[in-house]
Amino acid sequence: GVHFTAANVTLIGELDAADLVSDGSLATRRYHAFSGIYIILETKEKAESEFLFCFNDNIGGSKNPLKDGDLSKSYTITAEEPEFGKKFAARYEKFLRRLYAENDFTPHIYYRDNRLNIGIQTIATKFRAINGKPDINDPESFRADYRRSLEYVRNAIDAVREETDLLIADD
């Protein structure tokens with residue numbers, strides 16, 4: 001009864017380095033901006049205003065459970081009108097804390113129209129991949145890694161389902 005899609009995503013960025021190369025031009029360095037699972041869930045309500053929600057350690061990093069203190073000091077909202085994002089965070093604080101606690105790296109949430117997008121940084125555990133590359137010589141490892149990647153999707157959907165009223169009810 002939950003309408004969703006999920007994919008393994010790697011976003012590569014390019015950064016012009018301040019160091020000049022021998023011909024006088026700037027050096028361009030490529031980097032991984034995000035590598036993980038991206039989940040899009042259909043919601044029953046449209047967002048009043050689109051926003052991007054990131055925990056303050058949004059570059060990733062190791063898992064550090066959120067303190068029991070004020071959640072508003074632990075995240076950043078990026079939006080033209082951030083008030084809806086702040087109301088969302090206050091209303092669904094239990095969901096956000098759970099999503100943070102259940103993943104090794106900080107999740108990112110983008111809400112627009114009636115789509116809740118959740119990006120979960122996984123780095124090595126990817127759909128149909130072993131350490132980022134398919135291993136066609138070891139089909140059991142291939143299957144095991146695929147099953148592990150689906151756990152991230154299931155856990156995120158369960159968190160949304162159990163801690164919010166955003167999803168369309170089961171038939």
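**Close-up views of a predicted model**

**View 1. Val160 and its neighbours.** Leaving out residues up to four places away in sequence, Val160 touches Leu41, Phe95, Leu116, Ile118 and Leu167. This is a predicted model, and the residue in this view sits in helix α3. Val160 has a relative accessible area of 0%, so it counts as buried. Look also for Lys94: its C-alpha atom is 9.9 Å from that of Val160, with the two positions 66 residues apart along the chain.

**View 2. The whole fold, for orientation.** The protein has three helices and six strands. Walk along from the N terminus and you pass β-β-β-β-α-α-β-β-α. Of the 171 residues, 37% are buried. Among contacts with a separation of 6 or more, 65% join residues 24 or more positions apart.

**View 3. The largest nonpolar core.** This core has 32 residues, and the members touching the most other members are Leu41, Phe53, Phe88, Phe95, Leu96, Leu116 and Ile118. Which elements supply at least two residues each? They are β2 (26-42), β3 (51-55), β4 (75-78), α1 (83-91), α2 (93-101), β5 (107-112), β6 and α3 (139-163). Helix α3 gives the most, with six residues.

**View 4. Zooming in on Leu41.** Here is one of the core residues that touch the most other members. With residues up to four places away in sequence set aside, Leu41 touches Val2, His3 and Phe4, and also Asn114, Arg115, Leu116 and Ile118. Ile157, Val160 and Leu167 complete its list of contacts. The contact with Val160 shows up from the other side too, as Leu41 is among the residues that Val160 touches.

**View 5. Where α1 meets α2.** The two helices pack at an angle of about 80°, and their axes are 4 Å apart. That angle is why α1 counts as roughly perpendicular to α2. On the α1 side, the residues in the contact are Phe88, Ala89, Ala90 and Arg91, and on the α2 side they are Glu93, Phe95 and Leu96. Sorted by class, the contact has five nonpolar residues, two charged ones and no polar ones. Phe88, Phe95 and Leu96 are also among the core members that touch the most others.

**View 6. Gln121 and the backbone of Ser35.** Gln121 lies in strand β6, which covers residues 115-121. Is this residue buried or exposed, at 11% relative accessibility? Gln121 counts as buried, because 11% falls under the 20% cut-off. A polar atom of its side chain lies 3.0 Å from the backbone nitrogen of Ser35.

**View 7. The backbone at Asp113.** This residue is in the loop between β5 and β6. Most residues other than glycine have a negative phi. Asp113 is not a glycine, yet its phi is positive, at about 50°. With a relative accessible area of 42%, Asp113 is partly exposed.

**View 8. Thr28 in strand β2.** Thr28 is found in β2. The residue is partly exposed, at a relative accessible area of 45%. For a distance to check, try the C-alpha atoms of Thr28 and Gly13: these residues are 15 apart along the chain, and the atoms are separated by 9.9 Å.

Conventions: Residues are numbered from 1 along each chain as its sequence is written. This is a predicted model: local features need pLDDT of at least 70, side-chain atom pairs count only at pLDDT 80 or more; totals for chains, interfaces and linings use all residues. Side-chain values use heavy atoms; hydrogens and water are left out. Buried means under 20% relative accessible area, exposed over 50%, partly exposed in between (1.4 Å probe, protein chains only). A polar contact is a pair of N or O atoms within 3.5 Å; within protein, one must be able to donate a hydrogen and the other to accept it, and residues adjacent in sequence count only if both atoms are side-chain atoms. A nonpolar core is a set of buried Ala, Val, Leu, Ile, Met, Phe, Trp, Tyr and Cys residues joined through side-chain atoms within 4.5 Å. Contact means heavy atoms within 4.5 Å. Axes are lines fitted to C-alpha atoms, for helices over the stretch in contact, and angles run from 0 to 180 degrees between N-to-C directions. Angles under 35 degrees count as roughly parallel, over 145 as roughly antiparallel, 65 to 115 as roughly perpendicular and the rest as oblique. Ala, Val, Leu, Ile, Met, Phe, Trp, Tyr, Cys and Pro count as nonpolar, Asp, Glu, Lys and Arg as charged, and the others, Gly among them, as polar.
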